[in-house]
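Reader: I am new to this structure and would like to understand one part of it well. Could you place it in the whole chain, and then take me carefully through its aromatic rings?

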Amino acid sequence: MLCSSFSVSRLAIPAVCTLIAFLAYTSQYFFLYFEDAPLTGDEVWRINILAIIIFICYYRSCTVDPGHVPKGWMPSDRTQLEADQASGRQRWCRRCEAFKPPRAHHCKTCRRCIPKMDHHCPWTSNCVSHFTFPHFVRFLFYAVVGIGYLETLLWERVSIIWGSRNLPSYLGPSVIQIGHLFVLFATSSFTLFALSVLLIKTLWSLGANTTTIESWEIERHETLLRRARHFGGSLPGPGGINVPITKQEFPYDIGIFANIRDGMGGSINVLSWFWPLAKTPDRSTGLEYEVNGFEDPTVSWPPPDPDRIPLPPRDQRDPFYSNAEASNIDIEAFNRRKAADLKRRRPTPDVERRKPFHERFDESGSGFSDEDDDGDSGSSYAGSDNGEEAWKNSEGERLRDFGVDEEAEFYDEEDIPLAVLIQQRKQREYLSH
């Protein structure tokens, strides 16, 4: 199954290039021999210029590096970091063994944390991220414009053939030409419809400054809010604790123009948003983002989710859970912790795991389900697929459908390693002096 998926992904880029070439160049061959309405010189130039622009934008969407988190990166906002750690919501990637910046997610295909990851696109075999999003938007825009222009030219020829349908066949195009026109028109119509829908959704996300993954998280948060109303404003979390669920505003919506500016590389030059050769966003960006200030500065995104909060320590006195602020470091305890960390990164059936949300409530006899969730059955679980990550949004999508490593995203129940916490303490002491 993995080999089959890999083979399909390898064929995606050649397939898209073939489709672009088929529509752009075989259509000109058809027009060349269509005597009733041959192409004018201006029409030939427009088709070919648009085709070149589409190829340039697609090439950049496929080849520009989606970015990575610099080695040793740490959050600059210590207040936010400490608040996240206190609530058990530290953004630590168990795969990369590093801090995860806001809006970053671990891509299961690229195998690294991607800054402002939107989704992993199978048609470009690349992540749509902070660095590739502008190229992706331009590709969609010019593809819709180019195919839309071709559609008008094809429709004109279809109208001519339909208008002369009662004439003898020898006075019109041949059967091969009619078949070619039909294939071109059907292919361009279907492609135009699919890309237009995708472009509209992408432009909507651009205007709201939300990624595809964040749209999923917003819907997830709304579902948790509806659930929490059944339980007095909180939901049971790991270890019997209650997790307060309150409405939280999306922090990165800073106004339509500012949203578009940031999404298109940070430039205020509107013309550069459309320029196919516009430069990729500066590689020093993508780790921190402007917020609208609607929420308390110590509140981070995504909102609290009972399944994303790690299990509390089984025994605070166990040296396995040593405090990083301790003055004396037990080397033996540190080695045990390191060995246990490695073991937990390779989970086995013997490793204790917190049960998924629906199993916890089924055992408690609450009978709670999404269908009881204010009558909203649009969001649901994935049936027999265990884990809260099996939750789907109203379009039936899971995080893995966007390329996210679900195990790292949902079952990252590790604390930040002791060595990293010790390093943080030393840095704080250094800065305080």
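Author: Among the contacts in the chain (heavy atoms within 4.5 Å) that have a separation of 6 or more, 73% come from residues 24 or more positions apart. The model is predicted, with local features needing pLDDT of at least 70 and side-chain atom pairs pLDDT 80 or more, while totals for chains, interfaces and linings use all residues. Numbering starts from 1 along each chain as its sequence is written, and side-chain values use heavy atoms, leaving out hydrogens and water.

The chain has 433 residues, and 46% of them count as buried (under 20% relative accessible area, exposed being over 50% and partly exposed in between, with a 1.4 Å probe and protein chains only).

Turning to the rings, there are 12 aromatic pairs (ring centres of Phe, Tyr or six-membered Trp rings within 6.5 Å; planes under 30 degrees apart are stacked, over 60 edge-to-face, the rest tilted). One of these is formed by Phe-30 and Phe-31, an edge-to-face pair with 5.6 Å from centre to centre and 65° between the planes, and both Phe-30 and Phe-31 are buried.

Further along the chain, the ring centres of Phe-250 and Tyr-252 lie 5.5 Å apart with their planes at 75°, so this pair too is edge-to-face. Phe-250 counts as buried because its relative accessibility is 11%, and Tyr-252 is likewise buried, since its relative accessibility is 6%. Phe-250 and Tyr-252 also belong to a cluster, in which ring pairs link them with Tyr-289 and Trp-301.
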